[in-house]
Every structure is written in C-alpha cells, then in structure tokens.
Amino acid sequence: MKIVLNGEPRDVRAATLSELLEECGFSGRVATAVNEEFVPSSLRIARKLAVGDRVEVVSPMQGG
Amino acid sequence: MKTFYGTELSNPLMLGTAQYPSPAILEQAFRDSGAGVATVSLRRESGAGQTFWQMIRDLDVRVLPNTAGCHTVKEAVTTAQMAREVFDTRWIKLELIGHTDSLQPDVFQLVEAARILTEDGFQVFPYTTDDLIVGERLLEAGCEVLMPWGAPIGSGRGLNNEYALRAMRAEFPDVPLVIDAGIGLPSHAAHAMELGYDAVLLNTAVARAGDPVQMACAMMRAVEAGQMAHQADPIEARDMAEPSTPVIGKAFLS
C-alpha cells in the first residue's frame, strides 16, 4: 500500500499505524499523526491505514 | 515568587536546547548554569531523538515543549498534542509564527489556539508581542502566563520596546511574565528582571556564544542580579547630581 511517511512516499505492508511503526523500525518515544490529526499511542493499534495516508512520526528534538 | 501553573521555579532562567556546538556543551551549559527549564521541540524521527531525550531526562529539568515553526492553529494544536504525549507534560510554549522575516507571532491565531489548548487541559505559555489587548485576550482564553518578545527571535537586540514592556508589567501585576526571545547579552536579561519580569527565556545568545557554558552562567548571574535588584526597590533616575557625601560638617578650607 502506498502511503506518505514523514514526507516520503513509501510502499508498506502494514494495515494499521502500530504495524507501520514496527515495520519501519520506529521505537522509543515517538508521537504520531495521520492526515494532520494526532493519533494517541493507545489508538495506534486500531488506526487502520488507507492508500495515500500522510503519516507523521516525530520524536524529541532540540528547540528554543 | 509567582508560580507557573502552580510550579515554583528555583531560578528565573529558561534555556533553549538548540544550536549548541555539541550535545556535551549543551549538557554542561545546563549543569553549570543551573537553568531549571529547558525548551524542546518535536521533529520527524530520524534516529537522534531518543539520545537527545535521554540526555534531557538526565538533566532533571522542567521540560517546556514548543510549537516552533507552526503557522496555523491546526498545525500548532496537533503539534501540542503530540508534544504532550512524547514529553509527558501539560506545559506548551505556544508559538504561532505570522511573519517570515521577523518571526512575529500571529496573535489572532495565537489567541484561538490558546483557547483550544486550554480547554483541552494544556497549560499554555504563549509567545506573544507586547500588545496589552492581546495579553488580555490570552488571559481570557485561559492562559496563566504571558511571554512577550523582547526582540525578534535570535536577533540579540535586547528589549526593543522598554516602554511597552513596562506597561505590560504594570497592566498585569499578578500574572507571571516571561521575556521570551531577543536577548543577546546578560545586561538585557538583567534589564528584563529589573523591570519586574518573572523569568527570561533565551537560547541563541547562549548557544551561539563563543563559550556557551560561560555565557549560560553569565545569564544566570544576570537574571538573579536583576531579580534581586527589583526586589530591593531601586532608586529613580534624576537629571541633576545629588551629593551622596553629607555636606553638613565639611571643614572650611578655602
């Protein structure tokens, strides 16, 4: 299934957001959004992905 | 001392974590200065995030995540929601940028985002201008802290409009006020505290200094000196001299 992950086009097998994180090797402290909507970690298992979804996976970074 | 959403800070220096020459220097700047609040952000995960997070946790400071770079309410709210989960805090430094060159806050969207986030349980630290009416609106929206700019982010110009910042302090005597952005020198930071501000938030002035660790320490001494001076009730400036040594009793020698 073709999606956009952190701005990059990707072809993935995952059917849900939590499967996507596992497939793409994300671990540790990350937060997620799909199509510009925040998806809490507790809802990632239930969040099904669709073709063309825009997924953002972010983590802590330096800031001012 | 005023509290920030019920939290009393051990000192009035809030320090950013960006732009340091190395993580080790960043860490040392916090340890040596004793800054108690660290601003942080969220970016697309590239592998470096987890190491950074571990270092911040080890510093044992209060974390203040920002919404830096957001230009719309929607973007800022989503970023804040993600930050709350990742950093496990209700604190959010709400930035809504309205102008590319000056990074001036878009105060209209700022007020709207502040209302949405407050209703959602956030404790909002709004990066705002020195406009009193905007400050009023932010308080009405549920903010309990205001963070007016001293000067544009990263400009190092100090307090661009002292008059407006004095007026803001006078208008909101009971609200914790933080000068956020524009500080370049310890004298600027001391000046903010002498005006009666409750804290100073800065990043570039320390991170881009030739010796960030020493500059962080200098900033801490400056904010503490300024705070102490404000509490000590400074004298008013006057136009003419007034002898400090008593005139009476001076020997007649001419």
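Is Asp180(B) buried or exposed? In this predicted model, Asp180(B) is buried, with a relative accessible area of 3%. Its partner in a salt bridge is Lys93(B), with the closest N and O atoms 3.2 Å apart. Asp180(B) belongs to strand 7 (residues 178–180) of chain B and Lys93(B) to strand 4 (residues 91–94) of chain B, so the pair ties together parts that are 87 residues apart in sequence. Lys93(B) is also buried, because its relative accessibility is 3% and the cut-off for burial is under 20%.

Chain B contains 9 helices and 8 strands. Its C-alpha atoms fill a box of roughly 80 × 40 × 35 Å along the principal axes. The radius of gyration of chain B is 20 Å, which agrees with the value near 18 Å for a compact globule of 254 residues. Of these 254 residues, 52% count as buried. Among contacts in chain B with a separation of 6 or more, 67% come from residues 24 or more positions apart. The exposed area of chain B is about 12200 Å². Carbon and sulfur atoms supply 51% of that area.

The largest nonpolar core holds 84 residues. Within this core, Phe4(B), Met14(B), Phe30(B), Val124(B) and Phe125(B) touch the most other members. Helix 3 of chain B gives the core its largest share, 8 residues. A second core is separate and has 14 residues, including Ala14(A), Leu20(A), Val30(A) and Val55(A). The surroundings of Val124(B) can be listed in detail. Leaving aside residues up to four places away in sequence, Val124(B) touches Tyr5(B), Ile92(B), Leu94(B), Ala114(B), Leu117(B), Thr118(B), Cys143(B) and Val145(B).

The interface between the two chains was examined next. In chain A, 25 residues are in contact with 27 residues of chain B. About 2300 Å² is buried between chain A and chain B. Carbon and sulfur atoms give 55% of this buried area. Arg29(A), Met61(A) and Gly64(A) supply 29% of the area that chain A buries against chain B. No other three residues supply more.

Salt bridges number 14 over all chains. Between chain A and chain B the count is 3. One salt bridge pairs Glu56(A) with Arg44(B), at 2.8 Å from N to O. Another is formed by Glu85(B) and Arg44(A), whose closest N and O atoms are 3.3 Å apart. Glu85(B) lies in helix 3 (residues 73–87) of chain B, and Arg44(A) in the loop between strand 4 (37–39) and strand 5 (54–62) of chain A, so this pair joins two chains. The two partners can also be described by their accessibility. Arg44(A) is buried, with a relative accessible area of 10%. Glu85(B) counts as partly exposed, at 24% relative accessibility.

Further salt bridges were found within the chains. In chain B, a network of salt bridges links Lys2(B), Arg169(B) and Asp198(B). In chain A, the side chains of Lys2(A) and Asp11(A) meet in a salt bridge, at 3.5 Å from N to O. Both Lys2(A) and Asp11(A) are exposed, whereas Asp180(B) and Lys93(B) are buried.

Notes: Residues numbered from 1 in each chain as written. Chains lettered and ligands numbered in written order. Predicted model: local features only at pLDDT ≥ 70, side-chain atom pairs only at ≥ 80, totals over all residues. Heavy atoms only, no water. Salt bridge = Lys/Arg side-chain N within 4 Å of Asp/Glu carboxyl O. Buried < 20%, exposed > 50% of the residue type's maximum accessible area, 1.4 Å probe, protein only. Helix = DSSP H or I, 4+ residues; strand = E, 2+ residues; numbered from the N terminus. Core = buried A, V, L, I, M, F, W, Y, C linked by side-chain atoms within 4.5 Å. Contact = heavy atoms within 4.5 Å. Rg over C-alpha atoms; globule rule 2.2 N^0.38 Å. Areas by Shrake-Rupley, 256 points an atom, 1.4 Å probe, with all protein chains shown as cover. Buried area = accessible area lost by both parts, 1.4 Å probe.
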